[in-house]
Amino acid sequence: MEIKELQERVDAWIKEYGVRYFSELTNMAVLTEEVGELARIMARKYGDQSFKEGEKCNLADEMADVLWVLTCLANQTGVDLTAAMEANFAKKTSRDRERHKNNPKL
């Protein structure tokens with residue numbers, strides 16, 4: 001699926017099943033919540049914590065939740081994520097072209 005299609009599909013789903021978008025501020029809070037859920041899974045799977053009884057390692061689902069809410073915010077604020085990612089690649093390439101290659105920590 002292309003990013004443009006993702007934005008269109010999320011918008012169509014919201015209009016059909018979700019009634020309307022939550023406010024931008026609410027969605028920002030929801031995004032933070034979803035990132036926290038992803039962080040919890042990462043800490044248990046790759047970090048020093050262990051899963052609690054009954055907890056599931058649903059890493060892909062948590063990542064998809066983050067992407068969903070981020071896509072909602074993009075739709076609400078008029079951000080074309082394809083264009084934004086292209087610009088971000090250009091920025092990172094210009095800024096970091098040699099930076100990581102010359103990093104002895106890497």
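Start by selecting Thr 71: setting aside neighbours within four places in sequence, this residue is in contact with Leu 6, Gln 7, Val 10 and Leu 81. You're looking at a predicted model, by the way. Thr 71 sits in helix α3, and with a relative accessible area of 0% it is buried.

**Zoom out for a moment**

Switch to a cartoon of the whole chain. The secondary structure adds up to 4 helices and 0 strands, and reading along the sequence gives you α-α-α-α. The radius of gyration is 17 Å, well over the 13 Å from the globule rule for 106 residues, so the chain is more spread out than a compact globule. If you draw a box along the principal axes, the C-alpha atoms fill roughly 50 × 45 × 25 Å.

How much of the chain is buried? Of the 106 residues, 23% make that count. As for contacts with a separation of 6 or more, 64% of them come from residues 24 or more positions apart.

**Into the largest core**

Now select Val 30, Leu 31, Leu 38, Ile 41, Leu 59, Val 66, Val 69 and Leu 73, and show them as sticks. These 8 residues make up the largest nonpolar core. Colour by helix and you'll find that α2 (24–45) and α3 (59–77) each supply at least two residues of this core.

Pick out Val 66 on its own next. Which residues does Val 66 contact, leaving aside neighbours within four places in sequence? They are Leu 31, Glu 34, Val 35 and Leu 38. Of these, Leu 31 and Leu 38 are listed in the largest core along with Val 66.

There is also a second, separate core, this one of 5 residues, and you can light up Leu 6, Val 10, Tyr 21 and Cys 72 as members. Leu 6 and Val 10 should ring a bell: both are among the contacts of Thr 71, where the tour began.

**The largest pocket**

Turn on a surface and select Trp 13, Ile 14, Gly 18, Arg 20, Tyr 21, Phe 22, Asn 27, Val 30, Trp 68, Val 69 and Cys 72, the residues that line the largest pocket. The space inside comes to about 160 Å³. α1 (3–18), α2 and α3 each supply at least two residues of the lining.

What is the lining made of, in terms of nonpolar, polar and charged residues? Colour it by residue class and you get 8 nonpolar, 2 polar and 1 charged. Keep the earlier selections on screen while you're here. Val 30 and Val 69 belong to the lining and also to the largest core. Tyr 21 and Cys 72 are in the lining too, and they are members of the second core.

**Val 19 and its phi**

Go to the loop between α1 and α2, where Val 19 has its place. Check the backbone torsions there: phi of Val 19 is near 70°, a positive value in a residue other than glycine. For context, most residues other than glycine have a negative phi. Is Val 19 buried or exposed? At 74% relative accessibility, Val 19 counts as exposed.

**A stop on α2**

Hop over to Leu 25, found in helix α2. Leu 25 is a leucine that counts as exposed, at 70% relative accessibility. Put a distance label between the C-alpha atoms of Leu 25 and Leu 73, and the viewer should give 9.2 Å for a pair 48 residues apart along the chain.

**Last stop: the loop between α2 and α3**

Finish by selecting Glu 55, which lies in the loop between α2 and α3. With a relative accessible area of 24%, Glu 55 is partly exposed. Leaving aside neighbours within four places in sequence, Glu 55 is in contact with Arg 40, Arg 44 and Ser 50. A C-alpha label from Glu 55 to Ile 41, 14 residues apart along the chain, reads 9.1 Å.

Now add Ser 50, whose place is in the loop between α2 and α3 as well. Ser 50 counts as exposed at 55% relative accessibility. Not counting residues up to four places away in sequence, Ser 50 touches Arg 44 and Glu 55. One more label, from the C-alpha atom of Ser 50 to that of Arg 40, gives 10.0 Å across 10 residues of chain.

Key:
Residues are numbered from 1 along each chain as its sequence is written. This is a predicted model: local features need pLDDT of at least 70, side-chain atom pairs count only at pLDDT 80 or more; totals for chains, interfaces and linings use all residues. Side-chain values use heavy atoms; hydrogens and water are left out. A nonpolar core is a set of buried Ala, Val, Leu, Ile, Met, Phe, Trp, Tyr and Cys residues joined through side-chain atoms within 4.5 Å. Buried means under 20% relative accessible area, exposed over 50%, partly exposed in between (1.4 Å probe, protein chains only). Contact means heavy atoms within 4.5 Å. On a 1 Å grid over the protein atoms alone, a cavity is a set of points where a 1.4 Å probe fits but cannot get out, and a pocket is an open set with protein on both sides within 12 Å along at least five of seven lines; lining residues have an atom within 4 Å of a point. Grid points are joined across faces, edges and corners, and a volume is the space filled by probe spheres set on the points. Ala, Val, Leu, Ile, Met, Phe, Trp, Tyr, Cys and Pro count as nonpolar, Asp, Glu, Lys and Arg as charged, and the others, Gly among them, as polar. The radius of gyration is taken over C-alpha atoms; the globule rule is 2.2 Å times the number of residues to the power 0.38.
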